[in-house]
Structures are given as structure tokens and as C-alpha cells.
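Subject: Structure for your consideration

Dear colleague,

Please find the structure below, together with its sequence. My notes on what was found in it follow directly after.

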Amino acid sequence: MKRVIILFTFLLCISSCSDDFLEKKSDKSIIVPTTYNDLQSLLDNNVDVFNMDPGLGFIGSDDYTIEEMYWQYLNTPTERNAYIWNTEIYEGETGYDWNAAYKQVFYSNVILEQLDRLDPSEAEINTWNTLRGSALFFRSMAFFNLLQLFASPYHANDLEGKPGIPIRLTADINAPITRASLRESYDQVIADLEEALALLPVHAAYKTRPSKTAAYGLLARIYLVMRDYEKAKVFSDSCLVHSSALMDYNQLDPAKARPIAQFNEEVIFHSTQTSYGIRVDAYVNVDLYASYDNNDLRKVIFVRNVGGKPVFRGWYTGSTRLFSGIATDEIYLTRAECFARLGDKDKALADLNLLLQNRCANGTFVPRAASTAEEALAIVLAERRKELLFRNTRWSDLRRLNAEVNFATPLTRTLNGAVYTLPPNDGRFVYPIPPDEILISGIPQNAR
Amino acid sequence: MKQKLLIPLMIVLNLTSFAQSRRVQGKVISAADQQPLPGVNVIVKGTTHGISTDAEGNFAVQASENDVLVFSFIGYTTAEVAVGGETVINVSLVEDITTLSEVMVYSTGYEQLPKERVTGSFAMADHELVNRKVSTNVLDRLEDVTSGLIFNRGGSASDPISIRGRSTLFANANPLVVIDNFPYDGDLSNINPNDVESITVLKDAAAASIWGARAGNGVIVITTRRGSERNASRISFNSNITIGEKPDPFYVPIMSTADYIATERQLFENGYYTSIENQLTHRALTPVVELLIANRDGLLSSEELETKLAALRNKDVRNDYSKYLYQKSVNQQYALSLSGGSKPHQYYVSVGYDKNDATLVGNAKDRLTLNARNNWSLLKDKVSVSGDLYYTCSTHQNNGIDPSTLRMTTFDRLYPYASFADDNGNPLSITQDYREGFKREAEAKGLLDWSYRPLQELHEVDKTTKATDYRVNASVSYQFIPGLSANVLYQFWNSDTQGRNHYSEKSYFARNLVNQYTQVSTTGQRTLPIPEGGILDINNQSAFSNNLRAQLNFNKAFGKHQVNAIAGYEVKEVRTNGTQYRYYGYNDALANSSAVDYATQFQQYYYAFTQARIPSVDGQTDLTDRFLSYYGNAAYTYNQRYTLSVSARKDQSNLFGVEANQKGVPLWSTGFSWNISEEPFYNVSFLPHLKFRATYGYNGNIDKTVTAYTTAQTFGTNSITGLPYARILNPPNPSLQWERIRIVNLGLDFEIIRNIASGSIEYYRKNGEDLIGFAPVAPSTGLNRYKGNTASTKGHGVDIVLNTTNVNRAVKWQTNFLFSTSQLTVTHYKDEATSWYLLNYGDTGGYLREGNTPFGLYSYAWAGLDPATGDPQGYWEGAVSKDYLEITQNTKPEDLVYHGPARPTTFGSIRNTFSWHNLSLSFNISYRLGYYFRRNSISYGNNLGLGGHGDYYERWKNRGDEKHTQIPSIPASYDANQGPFYAFSEVLVEKGDHIRFQDIQFSYTLAKSSTPGMPFQRAQVYMYVNNLGILWKASDKVPDPDYRQYGALKTYALGLKVDF
């Protein structure tokens, strides 16, 4: 019997160390993302995850037109249908923008959950903070981008009854999926960013990584969409304190195929739009093109003439992908608009003129002037369109400005003789949720 | 002791019989191994006088001159010997194959179970059956002799063997192979079949669930030979030679050379080659096209052209395949063993050597195996200790050139008028990759000789893999009290594989790569990013495992109650390391090489607009699998009639998640058996043995591609910032667990009186639950497809074994009949494949449709040929259609024709064995039924079917042909979707059902007992012929449904086995 006891004691000894034994990694080339370096590598995936924003906003906007012969050969039905503002756009295909944004949310949640499991030492706390701030920043930006496409425009007095988007705060794919209200959705966007502000460094080592300055800029963009001009102004200020440089377009070489460099001094945070094929065949809206003054260097830097048609080339990405990140020019324009709306026409025009000074040919710059704040606002908004051409801000601007009688814009497209229109505040300013999402999760579809 | 008691009794009894009776004595031995047989009943025929042989097989009885002695022993054929004038009668009993099952002991790898007490489903091949076939590989010998087990032919070979059909969709599909109590992680070709004593196949939950999470695909338990304490030293020698047919390159008919050239001329006239000719990549053109170009350009007169073409028309490269690339295979096998033992120590030592020359010239393999096993019984048999060593080293040369891999370029097949050698046998070059003119120009500029000569390549490339593999087993068992013992087993396994592919500097492989990367400056200066010289690829893999098992065993009988139980604990680790790397500019004589620049993109010589980095094959792997398992198994038998068994096992692994490891329910099974024929009320005299069995339980399976943890893969640099980045491969899945296979098995074992027939009938249901599969998930989760425990399957089948003794006299005729069915349906799978995937890959698995089998064959509905044009016709939206674009792009999965499974659903064999005196003849006929395959036919592509399938000759040519052919005409204009439509149409799907004359075995045996004066105990000459041919097949469109590329090659073996 004694021997039996010895044997079982031996067995017990082996089993007691079994936890370590079973934690050995099965395949070394596959990492289980646990360390700070692993998590940073996930955040640095700008190949197929981060630093990418939806392209549907651009497709629905009035920045461009496309001709019938190109339209019919567009890669996806989504592009063809979204161009003419069809009620249904997917024709059974999955939603690229929806999927890409939620993939960012998923990655962010994986990172946030792993950070919760780590107990940073004194020396590691900065790294931990930056990683957490970055993940929150990306998640917030993804939710905000989704809200611009798949939820109603933000109206402070009409938030409760309106559905927002699914707010996923866990990486668990089995967690139930519901649409939060519009208020809850925006609350989460703001909460994530405000926490990120406290965690992020003022500047990041790479412009693809979030920074405090980028978070200020994004908050300015978000509050503008929420039409909270006071806050938008405050965050624009904070952003410009840390990053205020503007490129003098006189220094750019219009002979170059891509006159504007990637990571130029105006870029605070680098991000690009989904590379739908439609951008390649798009011509700049002819009326908009005509509105550039001949001394305006943007006319030659942003646009090149191909067979008499204006083709866009003002990429802030260094490639042919469209920029959707945060740059100082946008923040100056946001602050100018806020000043105008808050009644300070001089400060509004000061910001605007600072920008335009860097856009006009040497010696031709004439400062803009206005007699009233309203007048200043109209000038700022007109210049905003000209500066932020193909930059993914137009769709949100259309949605928010539609609430104002003075600035509401009916949209019209002509394609092969047929005329398509999108009146202000139309239900089609909210895109339908992709059919596979509706089918599998059962969340309610948007009424269009 | 018994003898001493019985002899006086016999004497007393004999007093009443005739006085002429006298004492007759002798020895009874087994014919198979010449070992004494104790316990044989020796009876004087017609009386009840009898005796049993003693431990040495000796007997002595009183009998008279006219008496006949009857020798009977369970498992052996009863022998009758007339006494006559003899006083010494030595008898050798022949094993009775039909009743051998009576004494069968099944090994599960954890314990030995006598057949009477099992409840589960087992199949077994004993030493004789394992040795019936001649082969180098041990598992080959199971084919068509074990019920429920099938070798999967055609399609994917990821699961070469299935036991009772497939049990998984995406996870590991191979049965677990256990050798001498432990799972074997190495290459099974390392095992010498001559060392194998028996192979047991565990088929249902009760049999296999002791192996837990690795038992899902069934378990094959191999037991190797060991010494016996019954015999003195014995030496056995076995040698054989097997010669196999050369593959027939003409097996699949193709377009003739003359028509190939005619088609090329037509294509040339149509301008087909103009774009290739103008390509800046210098893509190769065939010699005929080059001649046509030269003629067009006025460099070759039309007469010369015709002369040259006429010469080419007579050539057929397939003759060169046969002459230079194929050979008859020759396999030699030698095995020598020494075994023996006495009470305290038994041993088995063997050495085996195999040398195989394959059917491809340059492919050869040799294998040396060494085996030493020792057992000791100590302390009055209370302790037994064993120590085994099994060592294999093998060399595998893989230099052959497989004709199916020979092409002219990536895009073009090899032209049929290629020649490998001139009339004197000197290697000739064939056009390869780039145009001849371009290559000659490059050579003139100083680049290396750029010609490709297949016969030279055969000698300039050396691909050799050397492997060593050894297992060390040690065990101790101790008996505490009779009935209760404990044992500890340990195994260390190590395997090292060194692959060395050396492309000499003269090889085309090396010369071509050097030339491709050669940089020529504007002044004509050459620089070589890849240095001149050979290329050496090294691929080293090493693996080792540690296995430790501790087990308690309890066996006790109390009156009518019998209890057998085991419980144990097992721990295992397998580590696999691999590295591979390449040396450029390698000089084999000096063993030196040069460094290259892997980072820079170099302009390619053949095309100025392509840049490429120097190919790097470097890589490493480091894998670790760990398992911790607890198991127990118990059986209770009452009155030898009722047996109840239970088995459970819990596995923990570093592959599973925390939840599965901690909360996981053990995999378990339970079984019941009832020996009906033992009941007092049973009086069916023609069925002396009848037993009913029923089992229920779960086996498990694991998929190493999914883990419970979030996993990611890292990549070097991203294009924007140059920083390393990572991509998530696997979302977190804390509830991941093993696949579970739920099996119900019902069986009936029977035996008809006088051994006329015996066998078993089994029915099983086999449901896969929590199978790993893909499932669509809402994209807002961040994924749209997810791999987890999401699928399920439902299967059922029947295994019937029937052994009959048809004639049992001097000539003996026995038949072994195996019949199995296996059906499998996917019952739950939400990530449904599209039509394209179902058509292309449905039959090889991996692309599924709920409600069908996982290996389904699908096609487009066929509406015959268009009588006007001979175009193939299908259906679109219910009407006959030639809109190939719509049909191929938009036919929904539910509108495809679903034929059925691509793997046999009914299969088995009939083996007949005849024996007469020293001669034995056995042949096996196998059958495979209830499945479909897609045959090849002509594909016209955009080149009029150039070099395509021989169906070309049966094609529609004129109106009315559609009445006797279904092969489309050459299309008037190219439609990219017409070819795929026809290739996947219903008309090319055939039934695979067939009956095959699998093999025949003949042996002549001389035993010392029957032929006194022989210098050895036993000698046997044997002959074995495999793959004799098809006897019947459902489809007349192919010669062999299971061997569609090359045919099943006949092999002829001749061997000699001697026991000294």
C-alpha cells in the first residue's frame, strides 16, 4: 500500500505543475499578442487595418462627377449605386466600409483587453498609456466614421429616437449585437477620445500613430459635426498650439506627378480612404473647379488637365489614395468657421487669410474681407470646399449644413441623360447597413 | 501433473478394451511456428478415451493398431492420424483461420483484451495476414484485409486512410497510429513490416475512446514482435524481390504529334503566336512555330520547312519518357531476426534492409532497421522490466524527372516532338522558358549556356534526404498482490531528417537563375548578383518526443464475477524544429559558397521591366505540442455472459483554451455484451456461438490550426512607415474545444457449427459534433468568417465479416468476405461554398454544402450538343442555353447537379485461400461501389485544343454526329467560359464502381516435422502478384476509375522465408 501512495504522490507532483506545462506556445512563428511590442505591431498594421477610412462619403459627395462610360465599368455595384444615390446599393455584396471600420474596432478591442491584463511597471507606464490611448483613438475614429455613413446627422435636440450604430466594446465575437442610440454612440466617440487625450504623447514618432495633437484635431472635427462650435473652437486651438505649420504652395513643384508629399508638415495624422476604383475615373466638379481663382495655386497643384477635363492630384498621401487624415489646413478652416459662427469675424478671417496666403501665387494674395460674421461664414465655407477637395469631409459637411436654410445644398447628377437628385435632409444621406450584417445580426435597417 | 494423474486412469480404462492396445506417444507442435502445443486434446476416435498434451506438447495414450487418434485444439484444424504400426506419432497442427478469432487478443495500446470480453468494435490482422502481402510499408498491408478500413485514392491525399469514413471536415483526418503502446509521430515508412506481430484497428467509441481527443479518426495499434519464453533461440530469415511494371506514358490518350503540328500551323496562320512572338519577355515558342516564323521571314525555304516538319511528325516524346525517365521498379527486402528466451529473460533482435528503385529513373530509397527488445521477469514474476530500442536509417534519392512536371514554359505544355537524346544517346536540349534565338544571343554576350537537357539535368541535380529515427522504450511493472499491478512506461523518440538538394553549376536550374539575374551595363559589362556555381538547398527537420505513462491494473475473478480495470495518467511532449536555407555559388568540391544580396531588386535579363529580389528559401519552424491525459477503463463480466464496460479519458493540451482544459468534460464510452449462446435456454445447435454487443460514446479530434488564444502573425515592414506590423489570424475563442465524434455501435458475432462459417455483423452511427468549420459572423464583430466548433455531420454504415470453410479435407478452401458501407452527410454548415468552389474542389473536400456529403461531386446540367454547330449546351433559367457566361458565373449551388459522393460508400473484398499439403494459394478480389468521379476530356481553350485529350478524335465534326458523341466540336470562336462549362458538365461525370482482381499469393512450405532431415525447421518459398487488373467497372470511359493518370502498376514478388 505504501508503494501505491508513493506512486500517487509522484503523479500528483507532475499534475501540480501542469499549468505551466500547458502554457507553452505551440508554434513560435505565430505570436499570441501579449507584449507591448506585439500590441504596437498590431497598431502599426496600416497595410490592411488602421489608417484607413470609409470611401462611401466621398462617393456620395458633390466633389466630382464621373462619365457614363466609366461608371458602367466600376468594380462594385456599391460604387455604381452610391454614385446615383440609389436606395439599395449593395446588390448582395458585403459592405467594405462597414467591415473595415469594425475590423479596426475589433483590433482596438483586442489590444485594450490585452492591456487590461498587463500590469505595467513604472518604466512601462508610458508605453502602456500610449498603446491604450492609440487603441481608443482608433476605435473612436472608426465609430465616428461609421456614424457619418450609417446614422442620421447629429441634431442636439433630436437624439433619443434615432438609432446610432452597434457600439462594440469587446473582442468577443459572441457578444450580442445591438444598435446603440445616436446619443450613446456619440457619447462613446467622445469618451474614448477624451480618455485618449490624457494618455497620448503630444506628438507621435510616426504620423501614422495617434498623438494628443491628432486627438485634438479629431475632436475639433467631431464637435463641428455635432455643431458644438464652442468646443470645436477650443479643440482647434489646442491642436494648432502643437501643430500649426502650413505649406507655402509656391514651394511646391507643379511639374511633379504628385506635387504634395506624404507626411508633409501640414499632416498631423495620416489616414487614407478606402481605395474604391471610382476615384481614378473621377473628374473634379466643374463648377467647383471654375471657382478657383487663376492665381490660386491649388488650381494647378490639386488638378491636372487631362483632355480638357480636370483630374484630381492633390493627394496628401504621397500616393494616388485619397487623404482622410487630419491636417492643419482643415483645423484652421474649422476654427475660422467656429469664430464666424460665434460672431468673431476678424479672427475668422485671420485664420482664413493665413491659409490662403500660403495658397496664392507669390505677390497676388489679396486678403479676404467681410462686413459681418455671416458674410465671413459664407466665405469660410466656400473656401473650405476648395481647400478640402477630395478629403472625405464634404459628405459630413453636406449633412450638417443641410440643417441650415442658407447653406442647404440640393445635389444633382446627370448620367446618360437621366437626372438623379438628392434633396437636403433626404433619407438617403444615411446609407443602408450592409445586407450580411442585417441577415446575421438582425439589427434594424435604416429607413431610406 | 495432469499427465501423471491421467495415465493411470487410461490404463485402467484400457483394461476393458482389446488386449492388443499399446502405448503410443508423441509430440504435437504448431505447423506455423514449430512450437510445442500444450493442452491439445488427443482422443481415440469413437471412444471417450483422451488426454491433453503437457507443457512441452507431449502425450502418451493407449491405442490399438486399428485406432485413429483425433487431435483437436481450439484455433487449429483438427487432425486425425491412423495408429497403424507406429508407437511414436508426431503431429503438427495447422492454424484454423476461420476459428482463429476464438483466441484473438486485441491490443488497445493500454491493455490486452481477450475477444470474449470485448464490447467494442475491433478489426485485427495477425502476423500471417500482415505477411500475406509483400511491401516495404507496413500500413499497405492492411488494405482489403481489415473491415471498415479504406485507402482513399484520387483527389486529395491528405488522409490516405479512412476508418469507417471521414470523421472530420477540416481538422486532422488521419487515424492515430500507435506502435508498442505509444502514438508514433514519425514517418510510418520507418517501420519494417517484418518486425510486426499484429495490427489491431479500433473502430468504435468503446474500442478507441481510451485514446480520447486523438481517437476521432480511429486508431491503428501496431504491436511488434518480442521474444517468447517458450522457445530456445531461433533465427529467421526472410528475403524477397519485387519487380514492378514501368508506367505507361500512353495510358491517357492525347492528340497525335501530326495533329499537334497541323494545329500549330493553323494557329500560326490565324496569328495566334503573333502576340507571343512580340512579347518582350521572350516567352518560348515551339520548334515548329520557330520554323514557321523562319519560313515566313524568308530565312527557310518552304521545301526545307516541309522536310523538317515531316521529320518531327514521326517523333513522340512519350517514347523518350519510356526509354529515359521510366524504369521497372525493383524492391529488395532482407530481414533477419533472432529471438528466444527462458524464464527470466526473453529477447528479440532483428535487422532489416530494404532497397527500392522506383519507377522514375533517379528515384531510390534504402532503409536499414535495427530492433532489440528485452524482457525480464524478476522477483518470482512480481516485477517485469523491459527495454527496447528501435532504430531506422534511410536514404531517399529524389532525382527523377516526372514527365507530368515537364513543360515548355509556365503557360505551355511540352511539345510532343521533343527528343531527349540523339541516335548515339547524347543528351539533347529541349526548348525551355525562353526563345532559342534570345538564349543564343545572350550566350554570345557572355551569359552562361542556357540550354535545358533533361538527361543532363538527371545527373546534375542531386536531391537526397537522409533520415534517422529511433525509439527507446522502457517499462517496469510490479504486482502488488495477485490481480493488482502497476506499470510505468516511458518512450523517447527522436527523428532527424536532412534534406540536401544540390543543383550543380552545370544544372539548368543553377545556370538559368544566374542568367536571369545577370546585369549587363550599357558598355556591355556583366555583373552577376547570383554568382556562377551551383546552388545548395538544405532542409533539416528534427523532432523528438517524451512520453511517460503510469497505470494501475486490476484483474480479479470472484466466483461468477470478473472485473478488469485500468486507470492511468499520461504526459507527452512533441517538439519539432526545422531550418532551411540556401547557398548560392556553391562549389561541392571545396564546399564553399558566396553571399548574395537578398534586399536589392534586380532587373531580370529576360525582361527589362521586371525586377525581382534573389529568391530566398530561408525559414525556421519551432513547434511544441503538449498533452496531459487521465484515463480509466473498466469491464465487469457476470457469469461469462454479460459484460459491461466503461471508459473515460480527459485530455489537456497547450492547443486548447483555458476553459476547455479546465472545464472540459472527459470523452467517454460505455458498452455492453451478451454471450447469448452461454445462456442455459440457448439451444440453437447450428449456431454454437452467438454474442450481441452494443456501445455508445465519444471520440475526440483536434485541429492545430485553431487555438483558444488570439493569435497574430508578424511581418517585416509595412510599406508606409517601414515598421514591422502584425495581423490577427485567429480571434480569441476561449470556449474552443476538441471535435467530438459520437458513435453508436451494434454488433453480432456468430459461429456456425463445425466451423462452416463465422463472422460478425456490425451497424454504426457516427455523428460529428462541434466539428471545426467556418461560419459566417456579423461583420460588426470585426470578422466575416470565423473558424470554430461550428459544424456537424451525421454518418452511418455497416461492417460485415464472414469467414467460411467451404472444403475441409486434404484440399482446404476458405473464404474471407469483407463488406462495409459508410455514408456521411453534413448536417450543419453555414459558410456555404459558391458553385465555383463546389465544382472545382467539392470532390476533394473542404468546400461543403449542407445536406450533402463532404466529398460531393457536382456538375452543370447537360443538354447535349447543338445539332447545328456541335457546341455544348447547358441550362440557364430552365431553358437550353449556350450562354456560358451566365451558366458559369451565375448558376446557384442548388441548381448544380449533385451526383453524390466522390469516395466509395460500399467497399470490401473476397479472399479465397486454397491449401493442399505444403501448397497454399490465396487471391483477393476487392470492390469499391457507390461513388463518382469527373473524367478529363478535350479542352479547346483558345488554341483549338492543342495537345489536348484524345477525346479530340471523337469530337462532333458534322451534323448528325451528336447522335453518337457528346464531345463538342472545335469552337468557331473562342469563348473563355465554354471550356470550363464543358469540363464541369454532367456528361463528364462517371460512376466509379468497380471490382478489381487485387492480388494473388502462392506459397510452398517445407517443415522439418513433415520432411525430416531438412537443415532448418521450416522453409517457405512464396510468390505475390499485386494489381492484377479490373474485373468489372461501371464506366467504359476510363481504364481504371481509381488510377486515372498512370494506371495501377502490376508488381511481381518472389521470396524465401527460412526458420532455423
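I begin with chain B, where strand β13 (residues 176-179) runs parallel to strand β16 (residues 219-224), the two being joined by four bridges. Within this pairing, Leu176(B) has Val219(B) of β16(B) as its bridge partner. Strand β13(B) also pairs with strand β14 (residues 182-183) of chain B, this time in an antiparallel sense and through two bridges. There, Pro183(B) of β14(B) is the residue opposite Val178(B). The strands β13(B) and β14(B) make up a hairpin with two residues between them. One point to note in the turn is Asp180(B), whose phi is positive, at about 50 degrees.

Please bear in mind that this is a predicted model. Its scores are ipTM 0.88 and pTM 0.80. For chain B the mean pLDDT is 89, with 95% of the residues at 70 or more. Two segments of chain B call for caution. Over residues 1-19 of chain B, pLDDT stays under 50, and the model has 14 contacts beyond four places in sequence for them. Residues 98-102 of chain B likewise stay under 50, with 15 such contacts in the model. Where pLDDT is low, the predicted coordinates should not be read in detail.

Turning to chain A, I would draw your attention to helix α9 (residues 182-199). This helix has 18 residues and reaches 26 Å from its first C-alpha to its last, close to the 26 Å expected at 1.5 Å a residue. Its buried residues are Leu182(A), Ser185(A), Tyr186(A), Gln188(A), Val189(A), Asp192(A), Leu193(A), Ala196(A) and Leu199(A). Viewed down the axis of α9(A), these buried residues fall within an arc of 155 degrees, and they therefore line one face of the helix. The spacing has a general background: an α-helix has 3.6 residues a turn, so residues three or four places apart point the same way. On the face of α9(A) turned away from the buried side are the exposed residues Ala191(A) and Ala198(A). The cover over the buried residues of α9(A) includes α8 (125-150) and α10 (212-225) of chain A.

Finally, there is an annotation for chain A. An unreviewed UniProt entry places the feature "domain: RagB/SusD" at residues 330-410 of chain A. In the model, this span is 59% helix and 0% strand, and the C-alpha atoms at the ends of residues 330-410 of chain A lie 24 Å apart.

With kind regards

Definitions and conventions:
Residues are numbered from 1 along each chain as its sequence is written. Chains are lettered from A and ligands numbered from 1 in the order in which they are written. This is a predicted model: local features need pLDDT of at least 70, side-chain atom pairs count only at pLDDT 80 or more; totals for chains, interfaces and linings use all residues. UniProt positions are given in the numbering used here, feature names are shortened, and annotations may be inferred rather than shown by experiment. pLDDT is the predictor's confidence in each residue, from 0 to 100. Two residues are in contact if their C-beta atoms, placed from the backbone, lie within 7 Å. Two strands pair if DSSP finds at least two bridges between them. The expected span of a helix is 1.5 Å times one less than its number of residues. A residue is buried if 20 or more other C-beta atoms lie within 10 Å of its own, exposed if 12 or fewer, and partly exposed in between; C-beta atoms are placed from the backbone. The arc is that of the directions from the helix axis to the C-beta atoms.
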